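Work through the exercises below with the sequence and the 3D structure open. Each task is followed by a stepwise solution.

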Amino acid sequence: MTSLSTLATATTVGNPKLNIGIFLAFVVFTLAIVIRVASGKKTAEQYYTSAGAFSGRQNGIAIAGDYLSAASFLGIAGAIALTGLDGFLYSIGFLVAWLVALLLVAELMRNTGRFTMADVLSYRLRQRPVRIATAVSVMCVSLFYLLAQMAGAGGLVSLLLGVSGDTAQNIVIAIVGTVMVTYVLVGGMKGTTWVQIIKAILLIAGAFVMTVWVLGKYGFSLSGLFQGAVDTTSGSSVEKTSKAAEKLTTYGMKYGKDTTTKIDFISLSLALVLGTAGLPHVLQRFYTVPTSKQARKSVEWAIWLIGGFYLLTLVIGFGAAALVGPDRINAAPGKANAAAPLLAYELGGSTLLGIISGIAFATILAVVAGLTIAASATFAHDIYKEVIKNGQATGEQEVKVARIASMVIAVVAILGGMLAKSQNIAFLVALAFAVAASANLPTILYSLFWKGFNTRGALWSIYGGLISSIGLIIFSPVVSGKPGVPTKLADGTMANLSPSMITNPNIDFHWFPLDNPGLVSIPIGFLLGYVGSKLSKEFDAAKYAEMEVRSLTGHGVAEAINH
Amino acid sequence: MSTKPTATSEAYVAVQQSPEFQSLRRKFRGFVFPATAFFLAWYFLYVLLSIFAPGFMNKHVAGNVSVGLIFGFLQFVTTFAITFMYARWANREFDPAAEALGDHLDGSAK
């Protein structure tokens, strides 16, 4: 074990006992609320969607809570701190993406579905094959996203508790998974939504305090803050290997290197902007409000909050570059992901570090819980009830299956998170977006807007988008083949490690040049949906009329529509 | 499937083919399609400029504030503006028309 040496360095960052105390307070507080608002027996509708119990504004705050994940707070702040404005490009993509949800998806989904994404996709198509395909895709996207969150939990809590050993991080990831699944099992969608609302308010308030604090140190001058970041970075050791400081306030530090990185950046941007409206846990949130008007209001609120928050992370990222500096960020457990917590420590000592990290911890819990609900809902509703039981299962059986599914998902997330814990989490999330944009969004848009869409088109699009995006990731430099760099291991020795998922630089089976597959796999998803539909004559005029009229007028939403 | 229809299939088909519904659909698509085209084009302009025209984007206009940073802020401004305009349009113009059609459908189902 390496805990002795790591403890010695870690005690310089905060007071682990205080941090653990704040953690526990958060968990106990939120758990008490979950038990109060939402314990007891639930119908399937209550478990998956809270049966439309929330208002548009509440849901909008919860969407922000669901969406402003550890990737947004820790990953983006860290990316800005280390790579300057290149990190800002992530936030813009994540924000603009909400316009797709607002204009094209949220209201029409609310009007035509009830429990899951597959409700909408299978509305006028053949139920079984479309539900199976959608469920597979939903679970893949959720899993990618879950891994990112769990990886973030490992890095963050290690920083907090002053441990960076492998075993200790794994234990932390296991605890996060266990607490999360407790929220889901006890509270269902209603309890989880409240956790997300509380977390969103705390996160935005915390980021606001840090922003004002940082700006105050630079006389409320953005330019002054940038100068501080440039000054600190130019005095750091990374400056010797790359001209980091000069590039901090400009674009191109990370992506401007050569043609491949440039195309990779276009690919990433495409995935970010088209991925949000295909994320299952985001879509699931549109069902927690009673009407399409409230769904619209939800997205409006979400856009204001998310946009405001990303503006804050810009200041936090540059604040970390200026006040903490790249050397200390790179030396911390969790590296870039530790930038925001380290800045909190720099500003307000161990108390602020404890509070900010507690909030970040709550963030991970809330997002992971939302993902688990979406994934378990699609398993119980689409696979178990509609496919295995031919629609004959009772609500009670469905909820039972959903609970078991949640536990299985938690185990998978814990094990996966242990494997993925050294990856940058903003980047892992970007991969989830690529899969969502390739496999989910084409089918959603076609089924809402294109008369000629049919079952074959849906299957080709979902499976084609899914296989091409995941396949290209497997054969990309993300998984293998990035050239090795000398890396300091936890026990202090040096090794030549590849930044790919497979860290052995001698294993290299990549042939796809880009890190993000979106540029290829998203057009494939759209194209296959079109070609598949054209090659099939299937068309249900009555169902098409019903779906289109309902989607636009909201007719029949108040009654139980069970498809 | 335990569908309890509130209107028959014929009623839905009839509504779908009515001039009122056709005009509602035109109204909706007439707003959301151009708005989507605009924000996507504007977003990709920003993306492409930041990688293919770094000289332009990295020009510092005031202190350390670059053209690219201003462009980035403008993405926030347009996103907020489109959200505001869409919500206003939907509440004032789209909802009343959609509700009227929905009520009509309820009436015809009885």
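**Exercise 1. Compare the span of helix 10 of chain A with the span expected at 1.5 Å a residue.**

Step 1. Helices (H or I, at least four residues) and strands (E, at least two) are DSSP runs, numbered from the N terminus. The expected span of a helix is 1.5 Å times one less than its number of residues.
Step 2. Helix 10 of chain A has 13 residues, so a span of 18 Å should result, and its end C-alpha atoms are indeed 18 Å apart.
Step 3. The model is predicted: local features need pLDDT of at least 70 and side-chain atom pairs count only at pLDDT 80 or more, while totals for chains, interfaces and linings use all residues. Residues are numbered from 1 along each chain as its sequence is written, and chains are lettered from A and ligands numbered from 1 in the order in which they are written.

**Exercise 2. Describe how helix 10 of chain A packs on helix 15 of chain A.**

Step 1. Two packed helices are described by the angle between their axes and the distance between the axes.
Step 2. Axes are lines fitted to C-alpha atoms, for helices over the stretch in contact, and angles run from 0 to 180 degrees between N-to-C directions. The axes of helix 10 (residues 222-234) and helix 15 (residues 292-323) of chain A come within 7 Å and cross at roughly 40°.
Step 3. Helix 10 of chain A is therefore oblique to helix 15 of chain A; angles under 35 degrees count as roughly parallel, over 145 as roughly antiparallel, 65 to 115 as roughly perpendicular and the rest as oblique.
Step 4. The crossing is left-handed (the near helix is turned anticlockwise from the far one by less than a right angle; clockwise would be right-handed).
Step 5. Residues are in contact if their C-beta atoms, placed from the backbone, lie within 7 Å. L225(A), F226(A), G228(A), A229(A), T232(A) and T233(A) of helix 10 meet V315(A), F318(A), G319(A), A321(A) and A322(A) of helix 15.
Step 6. This contact has 7 nonpolar, 4 polar and no charged residues (Ala, Val, Leu, Ile, Met, Phe, Trp, Tyr, Cys and Pro count as nonpolar, Asp, Glu, Lys and Arg as charged, and the others, Gly among them, as polar).

**Exercise 3. Is R131(A) buried or exposed?**

Step 1. A residue is buried if 20 or more other C-beta atoms lie within 10 Å of its own, exposed if 12 or fewer, and partly exposed in between.
Step 2. R131(A) has 24 such atoms within 10 Å, so R131(A) is buried.
Step 3. R131(A) lies in helix 8 (residues 127-161) of chain A. Leaving aside residues up to four places away in sequence, R131(A) touches A118(A), S122(A), D382(A), E386(A) and V387(A).
Step 4. H381(A) is 250 residues from R131(A) in sequence, yet their C-alpha atoms are 9.3 Å apart.

**Exercise 4. How do helix 13 of chain A and helix 2 of chain B cross?**

Step 1. The axes of helix 13 (residues 259-275) of chain A and helix 2 of chain B come within 10 Å, at roughly 160°.
Step 2. The two helices are therefore roughly antiparallel, and their crossing is right-handed.
Step 3. K262(A), F265(A), I266(A), S269(A) and V273(A) of helix 13 make the contact with Y43(B), V47(B) and I51(B) of helix 2. By class, these residues are 6 nonpolar, 1 polar and 1 charged.

**Exercise 5. Which element gives the most to the side of chain B that touches chain A?**

Step 1. The contact takes 47 residues from chain B and 47 residues from chain A.
Step 2. Helix 4 of chain B gives the most to the chain B side, with 17 residues.
Step 3. That side divides into 27 nonpolar, 17 polar and 3 charged residues.

Note on methods
Contact = placed C-beta atoms within 7 Å.
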